[in-house]
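Welcome, and please open the model in your viewer with the sequence panel beside it. We will go from stop to stop, with something to select at each one.

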Amino acid sequence: MSHSNISIFVPHLGCPNRCSFCDQNIISGAEKSPKTEDINKAVLTAKASLNYNSATTELAFFGGSFTAIDREYMVELLSDAKRFVDAGDISGIRISTRPDCIDEDVLQLLKQYGVKAIELGAQSMSDEVLKANNRGHRAVDVINASSLIKSYGFQLGLQMMTGLYKSTYEVDKFTAKEIVLLKPDTVRIYPTITLFGTKLEALVKSGEYIPPSLYETVDLCAELLDLFELNEIKVIRTGLHTIDESRYVAGPWHPAFRELCDSKRYLNKIIEILPEKGEYILSVNPKEISKATGNKKANIIKLKDLGYKVSVKGDGSLEPLQVTFERMNNSCF
C-alpha cells in the first residue's frame, strides 16, 4: 500500500542556527510561514486527486525544526492538522525536527495532537562533520532522541546527507551503519547540493570544499540503499525532490537521482551473478527494464566493455532488483 504525504513547509522556523548547506526557502520554494488556510487548501487539493487514499496519507510538516518553533504557533498548526485526522481525511501527522529539540514534554504534546511519525535530521554521525557544517548538535543527540521517540511509540525516520563538507566516502558509510543500529522505520538520503547564499558556496569558491561527483555519489548511495534494504529499513527518499536550478552552485544534482542509483545496483548485481564473460539474456521485472539497462543504456554499454553481451527482457514473476539469466545458447546456470 503506497504511502503519501501532504507536505506543509515551515522554512527555517525554529532553527537555532543556519547550517552550512541550508537555505530552506530555496529547497522548499516556501517564502512565508504556513497558516490555517494553507493547510486547508493543501488537504482539499490532495483530496480532489483521483487516487487519493485517506488511509495512507499523512500531513507532513517539513522544512524547519518543528518542535523548536514558538509553542503557541506549533499548537495552532497541529490543531489545524488534527481536525483532518479526526474527520478521517488523513491518517495522521508527520513532522521533521532536530535531534536536540526532542524531549518528553514535546513528545507528549505531539502524541496528544495525532502525530504518528517523527523524522530527525541526523545528517551525519561524525561529530567532526556536524561541527564543520554548523549543525549545532552531536551524534549522541541523534542516539538519545531516537531512543526517546521510539519509547513513546512514534515511527522514527532518520535523514542523512552524503558528501558534506569534511566528510568522506567512508565517513558517509559509517553514518549509514550507525543509523542501522538505531533501527529507524524509514530513512531519507540527501546528497549535499551547494546553493547560492550558503556557507558551502563560499567554501566551493575558495576551493576548500570540493563536492563529490555525481558518479561517486551514485556509487555510494547504491551501496547505502543495499545496506538499508538488507536491514529491512525503508528508504523513502533518495535525492532532493527539486531545486531552483538558477540557484545551483555545485554538487551531484540529477532530477532522476534515485533511478541512477537503482541502475547502479542492477549493474552491481548483474556483474555479481554472471559466471563468466559471454552472451546472456537477462530477465527482470517488466517495470524495471529501464533501470536494468541504465540511463541511455549505460549498463549495457558498461557490461559490453567488461566482456558481457546482454539483452534484457521482462518477467512478471520477478521482484524489483531480482535478476535471472540464461546464456544465448540456452544453457542455464
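The tour starts with the sheet, moves on to the aromatic rings and ends with the salt bridges.

Before you click, note that this is a predicted model, in which local features need pLDDT of at least 70, side-chain atom pairs count only at pLDDT 80 or more, and totals for chains, interfaces and linings use all residues. Residues are numbered from 1 along each chain as its sequence is written, and side-chain values use heavy atoms, with hydrogens and water left out.

**Stop 1: the sheet**

Switch to cartoon view and look for an open sheet of seven strands, ordered β1-β2-β3-β4-β5-β6-β8 with parallel pairing. Helices (H or I, at least four residues) and strands (E, at least two) are DSSP runs, numbered from the N terminus, and two strands pair if DSSP finds at least two bridges between them.

Which strands stand at the edges? Select 4-9 for β1 and 234-238 for β8: each has a single partner strand, so one side of each is left without a neighbour in the sheet. From one strand to the next, the twist averages 25 degrees.

Now select residues 115-123, strand β4, together with residues 155-162, strand β5; the two run parallel and are joined by six bridges. At Gln-123, look across to β5, where Met-160 stands opposite.

Next, add two helices. Helix α2 (residues 36-47) lies across β1 and β2 (57-62), running at about 155 degrees to β1. Helix α7 (residues 169-182) packs on the sheet and touches β4, β5 and β6 (186-191), while its direction makes about 175 degrees with that of β5. For these angles, axes are lines fitted to C-alpha atoms, for helices over the stretch in contact, and angles run from 0 to 180 degrees between N-to-C directions. Contact means heavy atoms within 4.5 Å.

**Stop 2: Val-85**

Select Val-85, which lies in helix α3 (residues 71-86). Leaving aside residues up to four places away in sequence, Val-85 touches Ile-90, Ser-91, Gly-92 and Ile-93. For a sense of scale, draw a distance from the C-alpha atom of Val-85 to that of Met-74: they are eleven residues apart along the chain and separated by 16 Å.

**Stop 3: aromatic rings**

How many aromatic pairs does the structure hold? There are four. Rings of Phe, Tyr and Trp (its six-membered ring) pair if their centres lie within 6.5 Å; planes under 30 degrees apart count as stacked, over 60 as edge-to-face and the rest as tilted.

Show Phe-61 and Phe-66 as sticks: this pair is stacked, at 4.8 Å centre to centre with 20 degrees between the planes. Phe-61 and Phe-66 are both buried (under 20% relative accessible area, with exposed over 50% and partly exposed in between; 1.4 Å probe, protein chains only).

Then go to Tyr-280 and Phe-325, an edge-to-face pair at 5.7 Å centre to centre and 80 degrees between the planes. Tyr-280 lies in strand β10 (residues 278-284) and Phe-325 in strand β12 (residues 324-327), so the pair ties together parts 45 residues apart in sequence. Tyr-280 is buried, as is Phe-325. Add Tyr-308 to the selection, and ring pairs link Tyr-280, Tyr-308 and Phe-325 into a cluster.

One more ring: the charged end of Lys-111 sits over Phe-154, 4.6 Å from the ring centre. Here a charge counts as over a ring if NZ of Lys or CZ of Arg is within 6 Å of the ring centre and within 35 degrees of the ring normal.

**Stop 4: salt bridges**

A salt bridge is a side-chain nitrogen of Lys or Arg within 4 Å of a carboxyl oxygen of Asp or Glu, and by this rule the count comes to 18.

Select Lys-205 and Glu-201, whose closest N and O atoms are 2.8 Å apart in a salt bridge. Both lie in helix α8 (residues 199-206), four residues apart, about one turn of the helix. Is each partner buried or exposed? Lys-205 counts as exposed because its relative accessibility is 61%, whereas Glu-201, at 11%, counts as buried.

Move to Arg-265 and Asp-226, a salt bridge with its closest N and O atoms 2.8 Å apart. This pair links distant parts of the chain, 39 residues apart: Arg-265 is in helix α10 (residues 257-273) and Asp-226 in helix α9 (residues 214-230). Arg-265 counts as buried at 5% relative accessibility, and Asp-226 as partly exposed at 33%.

Staying in helix α10, select Asp-262 and Arg-258, four residues apart, which meet in a salt bridge at 3.3 Å, N to O.

For the final view, select Asp-226, Glu-229, Arg-258, Asp-262, Arg-265, Glu-288 and Lys-291 together: they are linked in a network of salt bridges.
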